[in-house]
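Hi,

Here is the structure I promised to pass on. Have a look at it first, and then read on for what turned up.

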Amino acid sequence: MIDRDTTETALPVGAEEARARANLYALASRVFMREVDGAFLDVLKSGHMKHAFADTGMGLTVEGAAGSDSEVLEVLGVEYAALFLVSGNILSPYESVSKEGRLCGKAATKAASFYKKAWFEVPRSSTLFPDHFAIELEFMEHLLDTEARALEESDEALFRRTRELEAGFMSSHLGTWYRPFLEKVQRVTESPFYRDMASFTMDFLDSEVEYLGMEADAHLP
């Protein structure tokens, strides 16, 4: 790593921070990508995760924690389906629907264009369109992993390009609709878990917007 005290063009020392931010994007992406399964439930109930949430100043409620894992998974699975699979335009996890009122619109095409610039591909096995909330979070995770690698390798050109992509994607895509979407999740859900995760994700993305020097528009329809 270049010592930034010895050269004006040195990279900031922040690879560990970038990895930590990437991990938070990964967690949020997994929550909204698909229903909770056994492996993810184990992660959510782990002491490590409880400590991580305690550090943010909030708790994490996994309903039915006193019951069997199968009961918890059933409750969370039903709620995920009700929120994101059968609610249609009432609570759509797609940017195009939020902005344009239709699925796979211009926002999806423009998001895919960003992905190509950063060598990011939506898995071919995925049934989700490029502008799904979880995919956009996963893309930011990818950018943060790339930023961390650039810092570790002292690749200033890659670092600058990646940071520009982060700011550009936040200002033109994720940062323009996450608040209306997550606020609606909080209003509609009957699940303490999804309410907690919406709150956590909103707080995290608020901090990201501030970190990247942007202002998110919370007034989109």
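Among contacts between residues at least 6 apart in sequence, 70% join residues at least 24 apart. Bear in mind that this is a predicted model, so I'll come to the confidence values further down.

The overall layout is quickly told. The chain has nine helices and zero strands, so going from the N terminus you meet α-α-α-α-α-α-α-α-α. Of its 221 residues, 44% count as buried. The accessible surface comes to about 11,200 Å², with 52% of that belonging to carbon and sulfur atoms.

Now the inside. In soluble globular proteins, nonpolar side chains tend to be buried together. Here the largest nonpolar core has 55 residues, and F133, L174 and L205 have the most contacts inside it. At least two residues of this core come from each of α1 (15–33), α2 (38–44), α4 (69–85), α6 (106–117), α7 (133–152), α8 (156–188) and α9 (192–211). If you want one residue to click on, try L205: leaving out residues up to four places away in sequence, L205 touches Y25, F133, L137, M170, L174, Y178 and L182.

Apart from the largest core lies another one, of five residues, including A15, A150, L151 and F159. F159 lies in helix α8 and is buried, with a relative accessible area of 2%. The C-alpha atoms of F159 and E147 are separated by 5.4 Å, although the two residues are twelve apart along the chain.

You'll also find plenty of rings to look at: the structure holds 20 aromatic pairs. Take F84 and Y194, whose ring centres are 6.0 Å apart with the planes at 75°, so this pair is edge-to-face. F84 sits in helix α4 and Y194 in helix α9, so the pair ties together parts that are 110 residues apart in sequence. How buried are these two? F84 counts as buried at 8% relative accessibility, and Y194 is buried too, with a relative accessible area of 0%.

A second pair worth a look is Y115 with F169. Their ring centres are 5.9 Å apart and the planes are at 45°, so the pair is tilted. This pair also links distant parts of the chain, with Y115 in helix α6 and F169 in helix α8, 54 residues apart. Both Y115 and F169 are buried.

Ring pairs also build a cluster, made up of F32, Y80, F84, F133, W177, F181, F193 and Y194. F84 and Y194, the edge-to-face pair from above, are members of this cluster, and F133, from the list of residues with the most contacts inside the largest core, belongs to the cluster as well. One more ring has a charge for company: the charged end of K117 sits over the ring of F114, 4.9 Å from its centre.

Two backbone oddities next. Most residues other than glycine have a negative phi. C104, however, has a positive phi of about 55° although it is not a glycine. C104 is found in the loop between α5 (95–100) and α6, and counts as partly exposed at 37% relative accessibility. The other case is W119, with a positive phi near 55° in a residue other than glycine. W119 lies in the loop between α6 and α7. Is W119 buried or exposed? At 63% relative accessibility, W119 counts as exposed.

Finally, the confidence. The mean pLDDT of the chain is 85, and 81% of its residues reach 70 or more. Helix α7 has the highest confidence, at a mean of 96, while helix α3 (residues 47–56) has the lowest, at 66. For residues 1–9 the pLDDT is below 50, and this stretch has 14 contacts in the model beyond near neighbours in sequence. The pLDDT also stays under 50 over residues 216–221, where the model has 13 contacts beyond four places in sequence. Where pLDDT is low, the predicted coordinates should not be read in detail.

Cheers

Note on methods:
Residues numbered from 1 in each chain as written. Predicted model: local features only at pLDDT ≥ 70, side-chain atom pairs only at ≥ 80, totals over all residues. Heavy atoms only, no water. Core = buried A, V, L, I, M, F, W, Y, C linked by side-chain atoms within 4.5 Å. Buried < 20%, exposed > 50% of the residue type's maximum accessible area, 1.4 Å probe, protein only. Helix = DSSP H or I, 4+ residues; strand = E, 2+ residues; numbered from the N terminus. Contact = heavy atoms within 4.5 Å. Phe/Tyr/Trp six-rings, centres within 6.5 Å; stacked < 30°, edge-to-face > 60°. Lys NZ or Arg CZ within 6 Å of the ring centre and 35° of its normal. Areas by Shrake-Rupley, 256 points an atom, 1.4 Å probe, with all protein chains shown as cover. pLDDT = per-residue confidence, 0-100.
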